[in-house]
Amino acid sequence: MTICKTSFILALLSFFIVEVSFAQENKIIIHANKGKDTISKHIYGHFAEHLGRGIYDGFYVGNASAIPNINGIRKDVVEALGELEIPVLRWPGGCFAEQYHWRDGIGPVKDRPLVVNTFWGGVTEDNSFGTHEFLELCELLQTEPYIAVNIASGTVRDAYQWIEYVTSDKDSEITRLRRNNGREQPWKVKYWGIGNENWGCGGSMNAEYYTNVFKRFSTYCNAEFKIASGGIYDDLQWTKTFMAGIKNVPGYLNIAHGLSYHYYTIVNNWEVKGSATDFVEDEWFRSMQNTMKMEANLEDHIAIMDEHDPDNTIALIADEWGTWYDVEPGTNPGFLYQQNTLRDAVVAALGLNIFNNHARRIKMANIAQTVNVLQAMILTNADQMVKTPTFYIFKMYKVHQDAIHLPSEVATQNYVNDIGQIPALSVSASRDKNKNVNITIANLNPNQNLVTSIEIIGLENFRSIKGSIITSDKMNALNDFGKEEEVYIHEFSDYKKRLSGIEVNIPSKSVISLSIGDY
Ligand code: AHR
């Protein structure tokens, strides 16, 4: 009896110690009194290229289609994306931007030339989706357009005339052309990309050469916000060359407003990227680890930009990011069609937390690529449509759009794997216009729940907490056509209010959002 009692007490004690040590190991402190930077809503932006079934079949089916549409644009897709309040959409590429000639995509559709999309699948592009169609799509989505001009196979004149066609309210041959094509008023397009990946598919330029080309184009491109192409993700020299090279232009701050940054999460290598759905835990781990590497890389670029532009006038624009796997079996390798699982949801949460936490310099990010391509929000199959796990992360995270970023300190256990170890928790927080503190937390560990204490300095006497969660019992849970959704947003209530804050039990492989209010 005594032995039983002692072992019961010991068991109780060890349970208590384990509880306490978990709570001590995983601790998040949010500085609600130190918010300074706004998390630009444009961090929640998207990218849509003429690639595979992204535009055609994805956004656009043509007005003769039996699939319900508005001037050829799918109603179901517009309605679903409306839930995400997409702030900005980048188009027409990507690599395709550098072979795109905007005059091919205006005027009566029957007269538009057929061209071959040499970058993506070698398929015929009929140009039925062009400038007017894209800008109508943006109007339907209530999103800001971001157009990338062709600087590799197009001329400076082509580029500035496209901008004139779209944005000018003056009378000219070009604006008359727009009016003849049915659009009296100019559109408001603030964001213009000056090239894309000009180190690679955009002309294989080196940094010096690109900087000069950029200056030439930008001088004539009369646009409000011009975004330069960055180097390959770890090419810090490119960033240095560009930032130093634009300074010799009088009034240089007006020629470049943003510098682009691309980073894809690859699990293995570019030759064998691995399956989107059929993977083992090591591959889950590497997806997390490789996404996490983006943070240090971004900080290196930001340090260079801070040195050359201490007033923070030129934004870092992460205008392509996300997971990239081998295409789904049986699909065109040039179409980059991949399924999307809980792993993608956690990667998206991790990426968005990183961008939120660097909101001072990162003013826009565009995940690749909205519908049917790479880490998409939506997959379509004829008239069917599914919302992917990544869709639900963007829905959950929209509370951060244009909110004040709150700095956080995170003490976390590591997620340890044969390959290595990484911090198991990823966190970002913000205060919205109603003064609610919104905290988003990803538990990257697929095997272990993490009891975590959260202290909010500056909001100790909160009155309400609302929680939501995205998780599933399988790492590769997904949403598929004609089946019930496996991954979506549920209510979450596994937390307790404590004297010093909140204690929350964060399930393995999950993303949670807590909205804490003083109401
Ligand atoms: O998103 C797919 C491709 O990846 C884009 O066209 C290009 O910019 C990048 O290499």
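These notebook entries record what I looked up in a predicted model.

**Entry 1. The nonpolar cores**

I began with the interior. The largest nonpolar core has 140 residues. I noted the residues with the most contacts inside this core, namely I30, F59, F355, I439, I454 and I516. I then asked which element supplies the largest share of this core. It is helix α9, residues 342–357, with ten residues. Apart from this core I found another, of eight residues, with V88, Y191, I317 and M364 among them.

I next took I30 and listed its contacts, leaving aside neighbours within four places in sequence. I30 touches L406, P407 and S408, then V427 and A429, then V437 and I439. The list for I30 closes with I454, E455, I456 and I457. Two of these partners, I439 and I454, are named with I30 among the residues with the most contacts inside the core.

**Entry 2. Helices α8 and α9**

I turned to helix α9 again, now for its packing against α8. The axes of α8 and α9 come within 10 Å and cross at roughly 15 degrees. An angle under 35 degrees counts as roughly parallel, and α8 and α9 are therefore roughly parallel to each other. I recorded their crossing as right-handed.

From α8, the contact is made by E283, W284, S287, M288, T291, M292, M294, E295 and L298. From α9, I listed L342, R343, V346, V347, L350, G351, I354 and F355. By class, this contact of α8 with α9 has eleven nonpolar, three polar and three charged residues. F355 thus appears in two of my lists, as a residue of this contact and as one of those with the most contacts inside the largest core.

I also looked up Q289, which lies in helix α8, residues 281–308. Is Q289 buried or exposed? Its relative accessibility is 17%; the limit for buried is under 20%, so Q289 counts as buried. Not counting residues up to four places away in sequence, Q289 touches I419 and I422.

**Entry 3. Helices α4 and α5**

For comparison I examined a second helix pair. Helix α4 spans residues 156–167 and helix α5 spans residues 173–180. They pack at an angle of about 50 degrees, with their axes 8 Å apart. The two helices are therefore oblique to each other. The crossing of α4 and α5 is right-handed.

I listed Q161, E164, Y165 and V166 on the α4 side of the contact, and I174, T175, L177 and R178 on the α5 side. By class, the contact of α4 with α5 has four nonpolar, two polar and two charged residues.

**Entry 4. Helix α10**

I then asked how many residues of helix α10, residues 389–397, are buried. The count is eight of its nine residues, and the helix is mostly covered. The buried residues in α10 are P389, T390, F391, Y392, I393, F394, M396 and Y397.

**Entry 5. Backbone details in loops**

I looked up two cis peptide bonds. The bond from W91 to P92 is cis, with omega near 5 degrees. P92 is found in the loop between β5 (88–91) and β6 (115–117). A cis peptide bond also joins A368 and Q369, where omega is about -10 degrees. I placed Q369 in the loop between β13 (362–368) and β14 (378–381).

The loop between β13 and β14 also holds N372. N372 is not a glycine, yet its phi is positive, at about 65 degrees. At 0% relative accessibility, N372 counts as buried.

I noted K435 as well, a residue other than glycine with a positive phi near 75 degrees. K435 sits in the loop between β20 (425–431) and β21 (437–443). With 60% relative accessibility, K435 counts as exposed.

**Entry 6. N198**

My last entry concerns N198, in the loop between β9 (191–194) and α6 (207–220). Its relative accessibility is 0%, so N198 counts as buried. Leaving aside neighbours within four places in sequence, I recorded contacts of N198 with E98, I151, G203, S204, M205, Y210, S229 and W238. I also took its separation from A159: the two are 39 residues apart in sequence and 16 Å apart in space, C-alpha to C-alpha.

Technical notes. Residues are numbered from 1 along each chain as its sequence is written. This is a predicted model: local features need pLDDT of at least 70, side-chain atom pairs count only at pLDDT 80 or more; totals for chains, interfaces and linings use all residues. Side-chain values use heavy atoms; hydrogens and water are left out. Axes are lines fitted to C-alpha atoms, for helices over the stretch in contact, and angles run from 0 to 180 degrees between N-to-C directions. Helices (H or I, at least four residues) and strands (E, at least two) are DSSP runs, numbered from the N terminus. Angles under 35 degrees count as roughly parallel, over 145 as roughly antiparallel, 65 to 115 as roughly perpendicular and the rest as oblique. A crossing is left-handed if the near helix is turned anticlockwise from the far one by less than a right angle, and right-handed if clockwise. Contact means heavy atoms within 4.5 Å. Ala, Val, Leu, Ile, Met, Phe, Trp, Tyr, Cys and Pro count as nonpolar, Asp, Glu, Lys and Arg as charged, and the others, Gly among them, as polar. A nonpolar core is a set of buried Ala, Val, Leu, Ile, Met, Phe, Trp, Tyr and Cys residues joined through side-chain atoms within 4.5 Å. Buried means under 20% relative accessible area, exposed over 50%, partly exposed in between (1.4 Å probe, protein chains only).
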